[in-house]
Amino acid sequence: MARGFSPQEEALYYRTAEAVLEKLAEAHEAPAILAVVREAFERFEQAYQSAPAAARAAVACRAGCGTCCHNDVAVQAHEVFIAAEFIQRTFSPEDLDAVIARAATHRAAYLAGRSDPAWKSPRTPCVLLREGSCSIYEGRPEICRAYHSNSLDGCIANLAAGYEKVDVNIRALRGRMFAVMLAIDQAVESAGFDDHAYDFGTALHEALTNSLCVVRWSRREPAFPESFRERED
Ligand code: SF4
């Protein structure tokens with residue numbers, strides 16, 4: 001397979017994509033569709049737990065780090081709605097207002113910068129990073145679930161360089177986590193849902209302030225037309 005998966009990872013990919021697509025085909029309203037996605041996200045933890053013990057022991061990620069949360073986060077619409085639903089369900093009104101305000105600031109900077117040909121990602125913290133930890137851990141996007149590092153020093157060096165200068169991947173873990181991630185995305189795309197890449201903070205602001213976004217998404221229309229990622233670093 002082009003993605004470089006092992007035969008086991010490839011089998012995991014196809015198994016996951018097929019199972020998620022089957023469930024998506026049975027869900028019609030937004031809450032039911034999101035419930036399928038939420039359940040599909042549990043497959044990340046299952047994949048992690050099934051990884052060889054040596055691979056899990058190599059993970060250097062710790063609560064309170066947040067170094068990798070200073071990178072751009074590219075997501076698809078279903079991930080934004082899972083995060084938004086978690087925020088609306090668990091945050092206090094004050095914390096909800098605060099995250100909307102941070103997302104609005106992020107959105108303004110992103111949209112202004114995106115039209116500048118010289119713009120580079122400022123490597124600012126994710127709007128959901130609080131005191132070094134993810135404030136929506138259970139509702140975090142796919143890449144945040146799939147990514148693991150074997151070296152804090154390597155992550156710090158990569159953040160300073162602005163690109164992956166040091167290889168911090170744990171091969172046996174990354175393969176299975178990315179198989180799950182790509183399979184869920186493939187199932188969502190095959191079911192006809194929005195598969196555009198969005199900037200997370202920008203789209204999250206739209207999701208938290210415009211209830212029509214989820215309606216558009218459930219009708220299989222682009223959810224956040226103002227938040228497309230039109231360029232990559
Ligand atoms: S959603 Fe959470 S884990 Fe992902 S980048 Fe933001 S703070 Fe980090």
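A residue is counted as buried when 20 or more other C-beta atoms lie within 10 Å of its own. In this predicted model, R43 meets that condition, because 22 other C-beta atoms are found within 10 Å of this residue. R43 belongs to helix α2, and, when residues up to four places away in sequence are not counted, R43 touches T16 and V180. The surroundings of R43 also bring together distant parts of the sequence, for R43 and M181 are separated by 138 residues along the chain, while their C-alpha atoms are 9.1 Å apart in space.

One of the residues touched by R43, T16, is also among the buried residues of helix α1, which are E9, L12, Y13, T16, A17, V20 and L24. These residues lie on the same side of α1, because the arc that they cover around the axis is only 125°. On the other side of the helix, P7, A11 and E22 are exposed, whereas the buried residues are covered by elements that include α2 and α8. The length of α1 was also examined: since each residue should contribute 1.5 Å, the 19 residues of this helix are expected to span 27 Å, and the distance of 27 Å between its end C-alpha atoms therefore agrees with the expectation.

In soluble globular proteins, nonpolar side chains tend to be buried together. The largest nonpolar core of the model contains 50 residues, and of these V80 and L204 touch the most other members. At least two residues of this core are supplied by each of α1 (7-25), α2 (30-49), α4 (77-90), α5 (93-114), α8 (171-190), α9 (200-209) and α10 (212-218), with the largest share, 10 residues, coming from α8.

L204 is also one of the buried residues of α9, together with F200, G201, T202, A203, H205, E206, A207 and L208, so that 9 of the 10 residues of this mostly covered helix are buried. The buried residues of α9 pack against β1 (74-75), α4, α5, β4 (198-199) and α10. For L204 itself, when neighbours within four places in sequence are left aside, the contacts are with V80, A83, A84, A103 and V127.

A further group of residues was identified around the ligand, which is surrounded by C69, V73, C126, L128, L129, C134, I136, R140, P141 and C144. When this shell is sorted by class, 9 residues are nonpolar, 1 is charged and none is polar.

Key. Residues numbered from 1 in each chain as written. Predicted model: local features only at pLDDT ≥ 70, side-chain atom pairs only at ≥ 80, totals over all residues. Core = buried A, V, L, I, M, F, W, Y, C linked by C-beta atoms within 7 Å. Buried ≥ 20, exposed ≤ 12 C-beta atoms within 10 Å, placed from the backbone. Helix = DSSP H or I, 4+ residues; strand = E, 2+ residues; numbered from the N terminus. Contact = placed C-beta atoms within 7 Å. Expected span 1.5 Å × (residues − 1). Arc of directions from axis to C-beta. Near = placed C-beta within 6 Å. Nonpolar A, V, L, I, M, F, W, Y, C, P; charged D, E, K, R; others polar.
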